[in-house]
Amino acid sequence: PKYGVGTQPFTVLIEGNIGSGKTTFIKHFQKFEDKICAMTEPVEKWRNFKGYNLLELMYIDPDRWAMPFQSYVMLTMLERHTKPTDKPIKILERSLYSAKYCFVENLHKGGLIHDGMYEILKEWYSYVEDITHIQADLIVYLRTTPEVVYERIRKRARSEEACVPLEYIKQLHELHEDWLIRKKVGCNIKVLEIEADLDLSEIDREYKRSENVITASIQQQRPA
Ligand SMILES: Cc1cc2cn([C@H]3C[C@H](O)[C@@H](CO)O3)c(=O)nc2[nH]1
């Protein structure tokens, strides 16, 4: 049997484009810390891996650094997927799936990683999925339009993202749509779509709706 089968609680993956509000969304759930193990993306690890800013290196020198960056992202995602918790719910920001179907796919389509690198990463994904149980019961898709998140990225002004062009954001958007809306690829996991173009004041209504769906989905769960 796969490593970790039956060891993980109900797991929600928060997915969406860069700047779609995932971290804000997850922080909203961190107040239920007695019931929910919520883990944001380890961006700080990627920005300082033993003194190397892998995120910056990936953006400024993708030919050399996009592949090693994505292989480290895979490692950090796998750590989160398999991390034990005694809480009944786990919420993760992104996943091995968005790594595979969105980011690595985008880098390869854009010619930023060589075919050989792409094949190695895909080999890792399929091996990892063969030997490890990846718990994923619900995907909350913070659905946005590229222009809206592009503006947010400009405002947030994360230094490494300064040169990310709108085209890159549009490509990532389409890959999220292929995966989560058009269901062209990937896992048949239930998707809850959140209109995340809304500005933060209105989005509380959407948080409430997702909370209801998450708690309802857990109730539907087979009793442990
Ligand atoms: C799974 C996964 C997340 C992820 C994030 N990123 C980038 C996009 C943003 O600039 C930053 C934080 O999400 O990291 C990436 O290049 N590849 C990724 N793969």
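**Reading the ligand site**

Modeller: Let's start with one contact: a polar side-chain atom of Gln70 sits 3.0 Å from a nitrogen atom of the ligand. That's a polar contact (N or O atoms within 3.5 Å of each other). This is a predicted model, where local features need pLDDT of at least 70, side-chain atom pairs count only at pLDDT 80 or more, and totals for chains, interfaces and linings use all residues. Residues are numbered from 1 along each chain as its sequence is written, and side-chain values use heavy atoms, leaving out hydrogens and water.

Colleague: Which side chains place a polar atom by an oxygen atom of the ligand?

Modeller: Tyr59 does so at 2.8 Å, and Arg94 at 3.0 Å. The protein covers 98% of the 420 Å² that the ligand has accessible on its own (Shrake-Rupley, 1.4 Å probe).

Colleague: How many residues are around the ligand, and which come nearest?

Modeller: Near means a heavy atom within 4 Å. Here 16 residues surround the ligand, with Glu41, Tyr59, Gln70, Arg94 and Glu161 coming nearest.

Colleague: Which helices each supply at least two residues of that shell?

Modeller: Helices are DSSP runs (H or I, at least four residues). α3 (54-60), α4 (62-82) and α5 (96-109) each do that, and α4 gives the largest share, four residues.

Colleague: And how do I look for empty space?

Modeller: Rolling a water-sized probe over the atoms shows where empty space is left. A pocket is an open set of points on a 1 Å grid over the protein atoms alone, where a 1.4 Å probe fits, with protein on both sides within 12 Å along at least five of seven lines; lining residues have an atom within 4 Å of a point. In this model, 34 residues line the largest pocket, and Ile18, Gly19, Lys22, Arg156 and Arg158 lie nearest its centre.

Colleague: Which helix gives the most to that lining?

Modeller: α4, with four residues. Other helices that each supply at least two include α1 (22-29), α2 (43-47) and α7 (146-156).

Key. Polar contact = N/O pair within 3.5 Å; in protein donor to acceptor, adjacent residues only side chain to side chain.
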